[in-house]
Amino acid sequence: MNSIQGGAFQQNNARHHTAIVAQHALQSVDMLPWPSRSPDLSPIEHVWDIIGRHLQRHPQPTLTVPVLTDQVKKAWNSMRQTDIRHLYDTMHARLHACIQNFGGYTGY
């Protein structure tokens, strides 16, 4: 992995991030200190949560990858623009809450 000029990487110290292979791959990257179990501020995590809740409403479990792929696409396409806009509009408040709580639970 090449160093990113002027860039820094942030990860949450999850087990797969602290594995030796991951640490080796990231040795030339500047890392931001970040406490484990911090709230995930990335809007995409909230999008995955919305998709996951949509998938849980299916009456039968998904048994194949193609069916799951189709269900995820349908969930993605059915997301309301207002939900996406809300995630965007609340980003500043989520960051502020995270700072105020020193990286602890924010309720988001």
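In this predicted model, helices H3 and H4 meet through a fairly long list of side chains: Val-47, Trp-48, Ile-51, His-54 and Leu-55 on the H3 side, and Leu-68, Gln-71, Val-72, Ala-75, Trp-76 and Ser-78 on the H4 side. Sorted by class, this contact comes out as eight nonpolar, three polar and no charged residues. Two packed helices are described by the angle between their axes and the distance between the axes. For H3 and H4 (residues 65-78), the angle is about 115° and the axes lie 9 Å apart. The crossing is right-handed. Within this pairing, Ala-75 touches Ile-51 and His-54, once its neighbours within four places in sequence are left aside.

Ala-75 and Ile-51 also turn up in the largest nonpolar core, a set of six residues that is completed by Val-47, Ile-50, Met-79 and Leu-87. H3 supplies the largest share of this core, with three residues. As a general point, nonpolar side chains in soluble globular proteins tend to be buried together.

Then there is H6, which spans residues 91-100 and includes Arg-94. Is Arg-94 buried or exposed? Its relative accessibility is just 1%, under the 20% cut-off, so Arg-94 counts as buried. Beyond its neighbours within four places in sequence, Arg-94 is in contact with Leu-41, Pro-43, His-46, Leu-87 and Tyr-108. One of these, Leu-87, is also a member of the six-residue core.

Arg-94 has company on the inside of H6, as Ala-97 and Cys-98 are buried too. Looking down the helix axis, the buried residues of H6 fall within an arc of 100°, so they line one face of the helix. That buried set packs against H3 (43-56) and H5 (81-89). On the face turned away from the buried side sit His-92 and Ile-99, both exposed. Just past the end of H6, Phe-102 adopts a positive phi of about 50°.

Zooming out, the protein has six helices and zero strands, and from the N terminus on its elements simply read α-α-α-α-α-α. Buried residues account for 19% of the 108 residues. As for how the contacts spread along the chain, 51% of those with a separation of 6 or more link residues 24 or more positions apart.

Definitions and conventions:
Residues are numbered from 1 along each chain as its sequence is written. This is a predicted model: local features need pLDDT of at least 70, side-chain atom pairs count only at pLDDT 80 or more; totals for chains, interfaces and linings use all residues. Side-chain values use heavy atoms; hydrogens and water are left out. Helices (H or I, at least four residues) and strands (E, at least two) are DSSP runs, numbered from the N terminus. Buried means under 20% relative accessible area, exposed over 50%, partly exposed in between (1.4 Å probe, protein chains only). Contact means heavy atoms within 4.5 Å. The arc is that of the directions from the helix axis to the C-beta atoms. Axes are lines fitted to C-alpha atoms, for helices over the stretch in contact, and angles run from 0 to 180 degrees between N-to-C directions. A crossing is left-handed if the near helix is turned anticlockwise from the far one by less than a right angle, and right-handed if clockwise. Ala, Val, Leu, Ile, Met, Phe, Trp, Tyr, Cys and Pro count as nonpolar, Asp, Glu, Lys and Arg as charged, and the others, Gly among them, as polar. A nonpolar core is a set of buried Ala, Val, Leu, Ile, Met, Phe, Trp, Tyr and Cys residues joined through side-chain atoms within 4.5 Å.
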